[in-house]
Amino acid sequence: MPTTEAEVERVRELVAAIPPGRVATYGDIAAAAGLSTPRTVGWIMRTDSADLPWHRVLRANGTPAPHLAHRQLAELTAEGCPIADGRVDLRRARFRFAGT
């Protein structure tokens, strides 16, 4: 199913709203944007996130994508995000979008 420009913009708005030191999962963003799958969020982040705080978006288990792990965890650590063993503590750091 094709992704609309409105869906792309909604995902971008949600990612931009995540404050420093907090994170959201691809699934959190998909649910808040009304998307059927977190994979759509991943695709949008891969293709249109250079100007966004991309490092605040994680997999459902609190880990970054392996190819970005070092850089992403360094950025999150600098923001004071709680991290242990390469995983963000989602209980403490997860950002809740309004209405979810």
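A residue is called buried here when its relative accessible area is under 20%, exposed when it is over 50%, and partly exposed in between. The model is a predicted one. With that cut-off, Q72 counts as buried, because its relative accessibility is 2%. Q72 is found in helix α4, which spans residues 69–78. Leaving aside residues up to four places away in sequence, Q72 touches W54, H55, V57, L58, P64 and A65.

Q72 also belongs to the lining of the largest cavity, together with Y26, V57, L58, R59, T63, P64, A65 and L68. The volume of this largest cavity is about 30 Å³, and the structure holds one cavity of 30 Å³ or more. By class, the lining of the largest cavity divides into six nonpolar residues, two polar and one charged.

The largest pocket has Q72 in its lining as well, and the other residues around this pocket are Y26, G42, M45, R46, S49, W54, V57, R59, A65, H67 and L68. About 270 Å³ of space lies in the largest pocket. Helix α3 gives the most to the lining of this pocket, with three residues. Sorted by class, the pocket lining has six nonpolar, four polar and two charged residues.

From these spaces we turn to the packed interior. In soluble globular proteins, nonpolar side chains tend to be buried together. The largest nonpolar core in this model has 19 residues, and the members that touch the most others are V11, V15, I18, I29, V41 and F97. Helices α1 (5–17), α2 (26–33) and α3 (38–47) each supply at least two residues of this core. A second core, separate from the largest one, has seven residues, including V23, L58, V88 and L90. L58 is also one of the residues that line the largest cavity.

V11 shows how the largest core is put together. Not counting residues up to four places away in sequence, V11 touches I29, A33, L35, V41 and I44.

The charged side chains come next. Side chains of opposite charge can pair when their charged atoms come close. A search of the whole structure finds eight salt bridges. One of them joins R94 to D28, with the closest N and O atoms 2.8 Å apart. This pair links distant parts of the chain: R94 is in the segment after α5 (90–93), D28 is in helix α2, and 66 residues separate the two. Both R94 and D28 are buried.

Another salt bridge is formed by the side chains of E79 and R56, at 2.7 Å from N to O. E79 lies in the loop between α4 and β3 (83–84) and R56 in the loop between α3 and β2 (57–58), so this salt bridge ties together parts that are 23 residues apart in sequence. The two partners fall into separate accessibility classes: E79 counts as partly exposed because its relative accessibility is 24%, while R56, at 10%, counts as buried.

R92 forms a salt bridge with D89, and here the closest N and O atoms are 3.8 Å apart. R92 counts as exposed, because its relative accessibility is 60%. Elsewhere, salt bridges that share partners join E9, R12, D48 and D51 into one network.

Two further residues give points of reference on the outside of the model. S36 is in the loop between α2 and α3. The relative accessible area of S36 is 74%, so this residue is exposed. S36 and A93 are 57 residues apart along the chain, and their C-alpha atoms are separated by 24 Å. A17 is placed in helix α1. A17 is partly exposed, because its relative accessible area is 41%. From A17 to A30 the C-alpha distance is 14 Å, with their positions 13 residues apart in sequence.

Note on methods: Residues are numbered from 1 along each chain as its sequence is written. This is a predicted model: local features need pLDDT of at least 70, side-chain atom pairs count only at pLDDT 80 or more; totals for chains, interfaces and linings use all residues. Side-chain values use heavy atoms; hydrogens and water are left out. A nonpolar core is a set of buried Ala, Val, Leu, Ile, Met, Phe, Trp, Tyr and Cys residues joined through side-chain atoms within 4.5 Å. Buried means under 20% relative accessible area, exposed over 50%, partly exposed in between (1.4 Å probe, protein chains only). Helices (H or I, at least four residues) and strands (E, at least two) are DSSP runs, numbered from the N terminus. Contact means heavy atoms within 4.5 Å. On a 1 Å grid over the protein atoms alone, a cavity is a set of points where a 1.4 Å probe fits but cannot get out, and a pocket is an open set with protein on both sides within 12 Å along at least five of seven lines; lining residues have an atom within 4 Å of a point. Grid points are joined across faces, edges and corners, and a volume is the space filled by probe spheres set on the points. Ala, Val, Leu, Ile, Met, Phe, Trp, Tyr, Cys and Pro count as nonpolar, Asp, Glu, Lys and Arg as charged, and the others, Gly among them, as polar. A salt bridge is a side-chain nitrogen of Lys or Arg within 4 Å of a carboxyl oxygen of Asp or Glu.
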